[in-house]
Amino acid sequence: MKKTLFLIAPLAFYFQSTHATEATSPYSANITVASQYVSRGFQQTWGKPALQGGLDYNHASGFYAGTWASTVSDHFIRDASVEWDVYTGYSRSFGDLTVGTKVAYYYYPGAKTTADTGNTRFDYGEIIPEISYGPLSVKYAITYTQDYFGNNSDTLGVGNNKHSRGSGYLDVNWHQPITQGWSVDAHYGNQRIKNFSAASFQDASFAVNKELPYNLSSSLTYSKAWDKDGFYQQYSNGNPNAKVSNPIDSTVTLSLTKSF
């Protein structure tokens, strides 16, 4: 799930030339080591460390494209070990105001549910209009694939032949620089799962970030999600004898990112 997860999103910076006369490269990359991977409040590595990385292309016209991946746990997503995201979009700035739209697809190679729940895959895609002004940004991710993260009648046992296309995630973020490389982030998210309101949830997080030498940055984030009537409190991946836990309980994540 890319997301604003709330995952400690890897910070990507443009390549900076050592000569003022040389143009800035449109490419950037990042590698992150994190104590866990949290996306939209869900602990996708089941509390274990995560290795993450991404590559981005940004054109002066406002067009951009990129890819990002993270390890995940098969305790959370059945038969999954990796989440791989690809995305493209366009944004344009008018002073402090920026508007744009992104199209993203989240792929979990080899992951699917059992035959009695329809061999459903967890892959899904979203269209994400976004707007930002100063430190505040607002996005709304709309699921354009048949299901959002595998949610349908087969997997949830609700209704008959219902799917979750049209689900939406409201993503509100505040980024505030403080001083000498320090900044803070505040996030609120609200995931509405179409046709399956009991599975809908909200999440929030607060992060403290520090820029370090050698294009390194670190973040410490507190995150928590909550649902309706404890829907996720006894979560398992559906396998026989699978581990059971609450993947949206409050948690703290520490990450270190190297940007290129």
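## Walking around a predicted barrel

Let's start at one rung of the ladder: threonine 101 sits across from proline 129 in β8. The strand that pairs with β8 (residues 124–133) here is β7, in the antiparallel sense and through 10 bridges. A word on terms: strands are DSSP runs of E with at least two residues, helices are runs of H or I with at least four, and both are numbered from the N terminus. Two strands count as paired if DSSP finds at least two bridges between them.

Before going further, keep in mind that this is a predicted model, in which local features need pLDDT of at least 70 and side-chain atom pairs count only at pLDDT 80 or more, while totals for chains, interfaces and linings use all residues. Residues are numbered from 1 along each chain as its sequence is written, and side-chain values use heavy atoms, with hydrogens and water left out.

Now zoom out. The protein chain holds one helix and 14 strands. What do 12 strands build here? They make a closed barrel with antiparallel pairing, in the order β1-β4-β5-β6-β7-β8-β9-β10-β11-β12-β13-β14. On average, neighbouring strands of this sheet are turned by 20° against each other, direction ignored; the axes behind that number are lines fitted to C-alpha atoms (for helices, over the stretch in contact), with angles from 0 to 180 degrees between N-to-C directions. As background, strands of a sheet pair through backbone hydrogen bonds, either parallel or antiparallel.

How does the overall shape come out? The C-alpha trace of the protein chain spans about 60 × 30 × 30 Å along its principal axes. The radius of gyration is 19 Å, which agrees with the value near 18 Å for a compact globule of 260 residues. That radius is taken over C-alpha atoms, and the globule rule is 2.2 Å times the number of residues to the power 0.38. Of the 260 residues, 41% count as buried, meaning under 20% relative accessible area; exposed is over 50%, and partly exposed is in between (1.4 Å probe, protein chains only). The accessible surface comes to about 13100 Å², with 58% of it belonging to carbon and sulfur atoms; areas are from the Shrake-Rupley method with a 1.4 Å probe, and for residues only the protein chains shown count as cover. As for contacts (heavy atoms within 4.5 Å), take those between residues at least 6 apart in sequence: 56% of them join residues at least 24 apart.

Back to the strands. Strand β7 (residues 97–107) also pairs with β6 (residues 82–94), antiparallel and over 11 bridges. On that side, glycine 89 has lysine 102 in β7 as its bridge partner. The hairpin of β6 and β7 has two residues between the strands, and glycine 95 takes a positive phi near 65° there.

Further along the barrel, seven bridges join β9 (residues 136–143) to β10 (residues 168–177), again antiparallel. Isoleucine 142 has glycine 168 in β10 as its bridge partner. From β10, 10 bridges lead on to β11 (residues 182–192), in the antiparallel sense. One of the rungs there puts tyrosine 169 with glutamine 191 in β11. These two strands form a hairpin with four residues between them, and glutamine 180 in the turn has a positive phi of about 50°. Follow glutamine 191 to its other side and you find phenylalanine 201 in β12 opposite; β11 and β12 (residues 201–212) pair antiparallel over 10 bridges.

One loop deserves a look too. Glycine 159 lies between α1 (153–156) and β10, and counts as exposed at 53% relative accessibility. Its C-alpha is 9.1 Å from that of phenylalanine 196, though the two are 37 residues apart in sequence.

Finally, the charges. Side chains of opposite charge can pair when their charged atoms come close. How many salt bridges does a search of the whole structure find? It finds four, each being a side-chain nitrogen of Lys or Arg within 4 Å of a carboxyl oxygen of Asp or Glu. Among them is aspartate 79 with arginine 78, whose closest N and O atoms are 3.0 Å apart. Arginine 78 counts as buried, at 17% relative accessibility, whereas aspartate 79 is partly exposed at 42%. Lysine 139 and glutamate 130 meet at 3.8 Å, N to O. Aspartate 249 and lysine 224 do so at 3.7 Å. Aspartate 249 lies in the loop between β13 (216–227) and β14 (251–259) and lysine 224 in β13, so this pair ties together parts 25 residues apart in sequence. Both ends are partly exposed, aspartate 249 with a relative accessible area of 37% and lysine 224 at 31%.
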